[in-house]
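Work through the three exercises below with the sequence and the model open. Each task is followed by a solution in steps.

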Amino acid sequence: MSEVGVMTDQVPEAARQLAARLADAFETDRGLAEQLNDCQDRLRDGNGQLWTGLHPDALGLLYDDTAAVGVYEGSSVITGRMIDALHAGLPAAEVEAAVLPGLQEAHWAIHRAFSDYQQISEDRRHLAAEIGELIAGLVAELITAGWSEEQARNAHVQQLAAAAAR
């Protein structure tokens with residue numbers, strides 16, 4: 001690494017600019033990764049709504065005594081609507097109708113999260129290709145400037161990008 005540090009003053013402007021673009025691309029990738037994590041959380045939450053709402057214990061409420069049934073921690077909106085409808089004395093068909101909007105909400109929440117996940121994954125795939133091209137260009141520029149291939153491949157992009165900003 002010390003050899004690379006010694007050579008930072010021997011970096012052509014084109015390489016510094018490529019390093020700056022790479023540093024920006026790495027930051028963009030970090031943001032996309034955070035967005036993917038958010039999508040995963042939304043998918044998990046939507047699935048959780050479906051599961052607690054469609055869990056056999058919750059569906060059993062349609063036919064069992066509801067007097068002893070309470071909303072437990074982690075219950076879904078779907079389960080809550082079912083319990084409210086049952087406590088109101090609605091027949092099973094009306095209970096199902098009361099639950100349907102919750103199912104639709106969970107469905108569309110999952111659909112939106114999955115669509116977002118697919119789009120962000122595709123954006124990240126395109127960014128990875130761009131990063132690969134930038135790295136190849138940076139390595140070629142550094143080798144042309146006299147760096148060894150190993151030094152060029154191990155160059156600290158953020159340091160080179162900071163030198164470009166000066």
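Contact here means heavy atoms within 4.5 Å. The model is a predicted one.

**Exercise 1.** Describe the fold of the protein chain by its secondary structure, contacts and burial.

Solution. Begin with the elements: the chain has seven helices and zero strands, in the order α-α-α-α-α-α-α from the N terminus. Next, take the contacts with a separation of 6 or more; residues 24 or more positions apart account for 71% of them. Then turn to burial: of the 166 residues, 31% are buried. The accessible surface is about 10,000 Å², and carbon and sulfur atoms hold 53% of that area.

**Exercise 2.** Does the span of α5 agree or disagree with the length expected from its residues?

Solution. α5 has 53 residues, and at 1.5 Å a residue these should span 78 Å. The expected span is 1.5 Å times one less than the number of residues. The end C-alpha atoms of α5 are 77 Å apart, so the two values agree. Now look along the helix: α5 bends by about 30 degrees at Val99, with Pro101 following within four residues. Just after α5, Gly146 has a positive phi of about 110 degrees.

**Exercise 3.** Which elements give two or more residues to the largest nonpolar core?

Solution. The largest core has 23 residues, of which Leu138, Leu142 and Leu160 touch the most other members. The elements sought are α2 (13-54), α5 (92-144) and α7 (157-165). α2 gives the most, nine residues. Another core of five residues lies apart from this one, and includes Met82, Ala85, Leu86 and Val95. Finally, check burial in α5: among its buried residues are Val95, Leu138 and Leu142.

Note on methods: Residues numbered from 1 in each chain as written. Predicted model: local features only at pLDDT ≥ 70, side-chain atom pairs only at ≥ 80, totals over all residues. Heavy atoms only, no water. Buried < 20%, exposed > 50% of the residue type's maximum accessible area, 1.4 Å probe, protein only. Areas by Shrake-Rupley, 256 points an atom, 1.4 Å probe, with all protein chains shown as cover. Core = buried A, V, L, I, M, F, W, Y, C linked by side-chain atoms within 4.5 Å. Bend = angle between axes of the 7 residues up to and from the residue.
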